[in-house]
Amino acid sequence: MATDNRINFWRRNAKVPGRYPKDTKPKFNNPKSKKACSFHEFARSTNDAWDIEDEEDEDFLVTPAPTSSLPSGLHPTSTHNQQHNEAGDTESRMSDRLAPYRTEGQNLYDVQEEETNCEHINGKVVKSNSEAHLNSSSVRSTLQKQQSLPVRPIIPLVARISDQNASGAPPMTVREKSRLDKFKQLLASPNTDLEELRKHSWSGIPREVRPITWRLLSGYLPANKERRELVLKRKREEYFGFIEQYYHSRTDEHYKDTYRQIHIDIPRTNPLIPLFQQPVVQEVFERILFIWAIRHPASGYVQGINDLVTPFFVVFLSEFVTEDVENFEVAALPLDTQRNIEADSFWCMSKLLDGIQDNYTFAQPGIQNKVKALEELVSRIDEDIHNHFKKYEVEYLQFAFRWMNNLLMRELPLRCTIRLWDTYQAEAEGFSHFHLYVCAAFLIEWRKEILSMIDFQGLLMLLQNLPTIHWGNEEVGLLLAEAYRLKYMFADAPSHYKR
């Protein structure tokens, strides 16, 4: 009933959900107002929701908008979509059963930052009203972020992913050089020992050999060295055969909705990284996702799959780029090189999705099962956190759905995702099974912060915006070590999860 009321509310109002009109600002200086301590209290006190009807999406598509500030080839909806992406609202196509969890609490940060009645700036108390409140709020937010984050060197989002860690260590140590030599030795052998390669890859793959190692571990390339060039040539030709055969059908009645959703989602993919806002890169992603969708009709395209292309694309691009990857102009590469990167990204993403396709079939049963498994696992690992969630009526689905749907890509910087996937590809069931234990370890990592939140609203805001921007190889390594420990301590925990 509450969900129906919220939907009807937005149907009667043409405003974009979660945004205040320009001429009105919310006032939170009522001393009687208080935070919602539980999910039900929060639901009763807010009508906010992120669900926008399909016809509203159509309005965004057909309504002309100024494009002078956008890169050529970028759809006018990208600005609106990027705002939604940054708020974390584009997790996936969910069943009706999941919709209430997705729509609640998405716009909570705006409320939290403005609801305080007074603030301390330079030792003085400033009342929270009018312009003084807005100015002081931004100062307070900046100061809090500076104080909460450790002082560390600025780490690029993509560039030198393997060599740079969060502590600013030198690019190459003696130990790292020794590891690189071992990888080169394994890869140069006539028949690469894949088990040995997985063993060495678990703790991270050197940047120089990561592209070829990922191709091997994903099953895209054979272990036999002599056959690799032939296989690469055949698979790349096969992919572009699909393009010639199917891509023109994107405007057909049967496929236009799929292509439309892909076209909307691509600008949302890592909007803070210039690389992914280049028209030539977005066109590559459109082709990859559309071809995959029509070749997998059981699931088709689902929001979130667009994120899964990016690590492969960056890794295979890094094979030809020694400079700053995140700002590199892909159009400067030879056309054949661009085509090879595109084809390899398609096939490796396809191999990954083959192991987790039930995450994206109708009603996404794979994700629902994994979220339930995470809840059961956490109840055994840390009963205090589990009971804390129950006390304040926080459902695991409200935060962990995105963790499973996007494989933690929305929670971690891209450099960390690539390091994480080194290990996932080294594990026998890294993406489908080991990821569960990584999510559990990731949740426990924030134990202190979670238990310090004593209301539903604060908990949901924390869990949807965990501060990992300064994470690097060091933090990811510790996370993986804890996940490995949990796997062998609680491997039998989610009995329904094992098949």
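Guide: Let's start with a word we'll need: a residue is buried when its relative accessible area is under 20%. One more thing up front: this is a predicted model.

Visitor: Okay, so what makes Asn 405 buried?

Guide: Asn 405 has a relative accessible area of 0%. The cut-off is under 20%, so Asn 405 passes and counts as buried. You'll find Asn 405 in helix α18, which covers residues 397–405.

Visitor: What joins the side chains of Asn 405 and Gln 364?

Guide: A polar contact of 3.3 Å joins them. The limit for such a pair of N or O atoms is 3.5 Å, so the 3.3 Å between Asn 405 and Gln 364 falls within it.

Visitor: And Glu 445, why is that one called partly exposed?

Guide: Glu 445 comes out at 47%. Buried stops under 20% and exposed begins over 50%, so 47% puts Glu 445 in between. Glu 445 sits in helix α20, residues 430–445. Here's a fun detail: Glu 445 and Leu 478 are 33 residues apart in sequence, yet their C-alpha atoms are 9.9 Å apart in space.

Visitor: Let me try the cysteines. How do you know whether Cys 416 is buried or exposed?

Guide: Look at its relative accessible area: Cys 416 has 0%, so with the cut-off at under 20% it is buried. Cys 439, also at 0%, counts as buried too.

Visitor: How many disulfides does the structure hold?

Guide: Zero. A disulfide needs two cysteine sulfur atoms within 2.5 Å, so a count of zero tells you that no pair meets that limit.

Visitor: Now helix α16. What is its reach set against?

Guide: Helix α16, residues 365–381, reaches 24 Å from its first C-alpha to its last, and that is close to the 24 Å expected for its 17 residues. Its buried residues include Gly 366, Ile 367, Leu 374 and Val 378. Among the elements covering the buried residues of α16 are α17, α18 and α20.

Visitor: What makes Arg 198 and Glu 195 a salt bridge?

Guide: Their closest N and O atoms are 3.0 Å apart. The limit is 4 Å, so this pair qualifies. Arg 198 and Glu 195 are three residues apart in helix α9, which means about one helical turn separates them. Residues three or four places apart on an α-helix point the same way, because a turn takes 3.6 residues. At 22%, Arg 198 is partly exposed, while Glu 195, at 57%, counts as exposed.

Visitor: Which side chains meet in a salt bridge at 2.8 Å, N to O?

Guide: Lys 233 and Glu 237 do. They are four residues apart in helix α11, about one helical turn.

Visitor: And how do you know that Asp 344 forms a salt bridge with Arg 236?

Guide: The closest N and O atoms of Asp 344 and Arg 236 are 2.8 Å apart, so they fall within the 4 Å limit. Asp 344 lies in helix α15 and Arg 236 in helix α11, so the pair ties together parts that are 108 residues apart in sequence. Both Asp 344 and Arg 236 are buried. Salt bridges with shared partners link Arg 215, Arg 236, Glu 319 and Asp 344 into one network. The structure holds 17 salt bridges.

Visitor: Finally, how many helices and strands are there in the protein chain?

Guide: The protein chain has 23 helices and two strands. Of its 499 residues, 53% count as buried.

Notes. Residues numbered from 1 in each chain as written. Predicted model: local features only at pLDDT ≥ 70, side-chain atom pairs only at ≥ 80, totals over all residues. Heavy atoms only, no water. Buried < 20%, exposed > 50% of the residue type's maximum accessible area, 1.4 Å probe, protein only. Polar contact = N/O pair within 3.5 Å; in protein donor to acceptor, adjacent residues only side chain to side chain. Expected span 1.5 Å × (residues − 1). Contact = heavy atoms within 4.5 Å.
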